[in-house]
Amino acid sequence: MPLMYFLPPLATVLIWSGNMTINQLSVSAIAPSSIAFLRWLLALAVMTPFVLPAALRHRDEIRRQWPRLALLGLLGMGLWQGLAYVAAETTSATNMGILAAMVPLLTVLLSALILREPPTLGGVVGGMLAFIGVTVLLGRGNPLSLLQLQVAFGDALMVVAATCYALYGVMLKRWAMNLPPWVMLYAQVCFAVLILLPPYLMGPMTPVNGQNIWLILYAGIPASIITTFLWMRAVRQIGANQSSIFINLMPLFSALIAMAFLGEHVAGFHVAGGLLILAGVIMAQTLTRPLTRSITPDKPSNAQQ
């Protein structure tokens with residue numbers, strides 16, 4: 001496989017990791033409700049001239065599928081990023097990057113529950129390892145502190161946000177829609193803007209100025225549009241499973257970027273928790289042998305599996 005095929009997912013994860021630092025920088029520059037809304041409004045404005053004609057051609061399918069598209073917009077754009085902006089107020093970019101790397105593992109677990117995909121050896125063992133890693137991270141090196149509910153609010157929100165994005169991926173796989181990828185994305189962005197409008201209007205409405213406009217530009221164009229294009233290209237070239245492995249680099253990239261631009265320091269519990277989560281995710285993606293066997297082994301398709 002040409003090495004050039006690995007550049008799109010690598011660039012995507014790098015931009016996503018940079019967005020963790022953007023989340024931190026936005027804390028003092030713009031309200032979470034403002035940047036969550038304005039980034040997708042900007043993305044919508046940029047996409048409209050290119051995608052709207054195709055969306056109009058598929059308006060009948062969009063009309064039929066609008067409840068599903070609205071829920072996808074809520075999960076993948078409203079809650080995933082909206083909660084991350086709120087989380088940034090009480091946690092670090094390093095923690096956010098580590099917890100966001102749980103998305104592939106959570107996707108495996110939710111797929112088993114929702115799509116009825118059989119659990120795998122890697123999913124079970126990897127899930128246990130990653131869970132231990134999360135307790136180390138949330139407990140700041142002392143998992144027993146979780147018994148006293150000593151968890152940073154931002155860390156808890158990032159766990160919820162990662163779960164929302166994993167659920168987004170699972171439902172995207174479950175709901176087959178007769179829409180081109182860019183039209184489906186465009187419809188979700190439209191619903192995300194509508195969903196995020198009430199929180200934005202309820203305030204506080206931070207005015208756009210020279211201090212925060214570049215944060216909105218980064219979040220709205222590279223972290224929203226460019227990453228979507230690169231990720232779709234990566235999935236098309238090397239597949240969804242291989243592409244998702246690159247998400248495991250988010251803790252490393254997020255920590256390095258945070259150290260360079262925010263002066264954050266990596267503590268021992270970051271390393272321990274991050275390695276456990278990373279090991280769990282890798283196991284979930286590589287040890288894919290189902291724990292349960294099919295009850296109809298005489299079928300050729302099952303025998304080949």
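Q: What makes the pairing of the Arg63 and Asp60 side chains a salt bridge in this predicted model?
A: The N to O distance between the Arg63 and Asp60 side chains is 2.9 Å. The rule asks for a side-chain nitrogen of Lys or Arg within 4 Å of a carboxyl oxygen of Asp or Glu, so this pair qualifies. Both residues sit in helix H3, three residues apart, about one turn of the helix.

Q: Why does Arg63 count as exposed?
A: Its relative accessibility is 52%. Exposed starts over 50%, so Arg63 makes the cut.

Q: And why is Asp60 called partly exposed?
A: Asp60 comes in at 45% relative accessible area. Buried would need under 20% and exposed over 50%, so 45% lands in between.

Q: How do you know that Glu61 forms a salt bridge with Arg64?
A: Check the closest N and O atoms: they're 2.7 Å apart. The limit is 4 Å, so Glu61 and Arg64 pass too. These two are also three residues apart in helix H3, which means about one helical turn separates them. By this rule, the count for the model is two salt bridges.

Q: Is Glu61 buried or exposed, and what about Arg64?
A: Glu61 has 11% relative accessibility; that's under 20%, so it's buried. Arg64 has 59%, which is over 50%, so it's exposed.

Q: Over to helix H10: why is Ser224 called buried?
A: Ser224 has a relative accessible area of just 3%, and the line is drawn at under 20%, so buried it is. Ser224 is found in H10, residues 222-238. The buried residues of H10 also include Pro222, Thr228, Trp231 and Ile238.

Q: What is Ser224 in contact with, leaving aside its neighbours within four places in sequence?
A: Arg39, Trp40, Ala43 and Ala219. For those, heavy atoms come within 4.5 Å of Ser224. Leu129 is another story: 95 residues along the chain from Ser224, with the C-alpha atoms separated by 31 Å.

Q: Where is the kink in H10 centred?
A: On Thr228, with a bend of about 25 degrees. That angle is taken between axes fitted to the seven residues ending at Thr228 and the seven starting there.

Q: What makes a set of residues count as the largest nonpolar core here, and which of its residues have the most contacts inside it?
A: Members have to be buried nonpolar residues joined through side-chain atoms within 4.5 Å. The largest such set has 42 residues, and Leu69 and Val189 have the most contacts inside it. Helices H2, H3, H7, H8 and H9 each give two or more residues to this core. Apart from it lies another core, of 39 residues, among them Trp80, Met102, Val103 and Trp231.

Q: What does Val189 touch, setting aside neighbours within four places in sequence?
A: Val189 is in contact with Trp40, Leu44, Met47 and Met77.

Q: Which residues make the nonpolar surface patch?
A: Leu252, Leu256, Met259, Val266, Val271 and Leu275 make a patch of about 530 Å². Helices H12 (250-261) and H13 (268-286) each give two or more residues. The largest share, three residues, comes from H12.

Q: Why does Val271 count as partly exposed?
A: At 43% relative accessibility, Val271 falls between the 20% and 50% marks, so partly exposed is the label. A patch residue needs over 30%, so Val271 clears that bar as well. Val271 lies in helix H13.

How values were computed
Residues are numbered from 1 along each chain as its sequence is written. This is a predicted model: local features need pLDDT of at least 70, side-chain atom pairs count only at pLDDT 80 or more; totals for chains, interfaces and linings use all residues. Side-chain values use heavy atoms; hydrogens and water are left out. Helices (H or I, at least four residues) and strands (E, at least two) are DSSP runs, numbered from the N terminus. Buried means under 20% relative accessible area, exposed over 50%, partly exposed in between (1.4 Å probe, protein chains only). Patches are made of residues with over 30% relative accessible area and no salt bridge: like charges are joined within 9 Å, nonpolar side chains (Val, Leu, Ile, Met, Phe, Trp, Tyr) within 5 Å. Accessible areas come from the Shrake-Rupley method with a 1.4 Å probe; for residues, only the protein chains shown count as cover.
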